[in-house]
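Here are my notes on the structure, set out as numbered points. Please read them with the coordinates open.

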Amino acid sequence: MNLKAKLISKIHKEFPQVKFKTAKLITKGWDHDVLVLDNKFIVRFVKEKLDKKTFVREIKFLNEFSKISNLKVPKYAFLSKDKSFGGYEIIRGRELTPKIFQKLPEPKKQKIIRELAKFLSILHNIPLSKARRFGFKEYKSWKKVMDEKRAWFER
């Protein structure tokens with residue numbers, strides 16, 4: 001059985017109520033394989049590189065973050081019993097590649113830049129105490145790391 005058929009079988013076994021006619025397999029992600037169902041639903045399947053606990057923390061975080069984000073984020077509608085896959089309604093749009101971005105008119109570019117800046121500001125202003133509850137760890141800033149390395153070499 002090929003990967004696509006295997007993943008479809010998992011969906012049918014775990015969620016028989018989820019009906020679809022087409023399934024497109026995407027395997028380019030490093031941590032998940034994805035099935036796009038009828039161009040309406042995304043189902044993500046954990047690859048071995050990502051443990052299930054991390055996937056569950058991600059889903060919990062996204063559910064909370066969706067309440068404050070200025071941009072749409074996935075809202076999972078279902079999660080398998082073993083926590084190895086889950087699905088959400090597709091967020092419409094297309095990948096913004098550098099090539100596509102370069103072709104946009106300047107006002108559109110500026111709008112996208114403002115929206116991304118606001119998104120990142122909201123994300124980075126989540127209190128550390130709240131982030132820790134979702135399993136995020138505090139990392140040193142790049143500047144601090146470099147200062148420590150410089151100090152070590154200057155000894």
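1. Leu96 counts as partly exposed, because its relative accessibility is 42% and the partly exposed class lies between 20% and 50%. The model is a predicted one, and the values in this note should be read accordingly. Leu96 sits in the loop between β5 (85–89) and α3 (98–103). Leaving aside residues up to four places away in sequence, Leu96 touches Phe101, Leu104 and Ile112.

2. The loop between β5 and α3 also holds Glu95, which takes part in a salt bridge with Lys28 from the loop between β1 (23–26) and β2. The N to O distance between the side chains of Lys28 and Glu95 is 3.8 Å. This pair links distant parts of the chain, with the two positions 67 residues apart in numbering. Are the two partners, Lys28 and Glu95, buried or exposed? Both Lys28 and Glu95 are exposed.

3. Strand β3 covers residues 41–46, and five of its six residues are buried, so the strand is largely enclosed by the rest of the structure. β3 pairs with strand β2 (residues 32–37) in the antiparallel sense, over six bridges. Within that pairing, Val43 of β3 is the bridge partner of Leu35. The hairpin of β2 and β3 has three residues between the strands, and Asp38 takes a positive phi near 50° there.

4. β3 also pairs with β5, again in the antiparallel sense, over five bridges. Here Arg44 has Gly86 of β5 as its bridge partner. Which part of β5 is buried? Four of its five residues are, so β5 is largely enclosed by the rest of the structure.

5. β5 has a further pairing, with strand β4 (residues 76–79), which is antiparallel and runs over three bridges. Tyr88 of β5 is the bridge partner of Tyr76. β4 and β5 form a hairpin with five residues between them, and Lys83 in the turn has a positive phi of about 65°. For checking backbone geometry, the two turn residues to look at in these hairpins are Asp38 and Lys83.

6. How many salt bridges does a search of the whole structure find? The search finds six. Besides the pair of Lys28 and Glu95, the six include a contact between the side chains of Glu64 and Lys67, at 2.9 Å from N to O. Glu64 is partly exposed, because its relative accessibility is 31%. Lys67 is exposed, with a relative accessible area of 62%.

7. Glu64 meets a second lysine, Lys130, in a salt bridge with an N to O distance of 3.9 Å. That pair links distant parts of the chain: Glu64 belongs to helix α2 (residues 52–65) and Lys130 to helix α5 (residues 128–133), 66 residues apart. Since a salt bridge here needs the nitrogen within 4 Å of a carboxyl oxygen, the pair of Glu64 and Lys130 at 3.9 Å meets the criterion. Lys130 counts as partly exposed, with a relative accessibility of 31%.

8. Taken together, Glu64, Lys67 and Lys130 are linked in a network of salt bridges. As general background, side chains of opposite charge can pair when their charged atoms come close. In this network Glu64 is the residue that meets Lys67 and also Lys130.

How values were computed:
Residues numbered from 1 in each chain as written. Predicted model: local features only at pLDDT ≥ 70, side-chain atom pairs only at ≥ 80, totals over all residues. Heavy atoms only, no water. Buried < 20%, exposed > 50% of the residue type's maximum accessible area, 1.4 Å probe, protein only. Contact = heavy atoms within 4.5 Å. Pairing = 2+ DSSP bridges.
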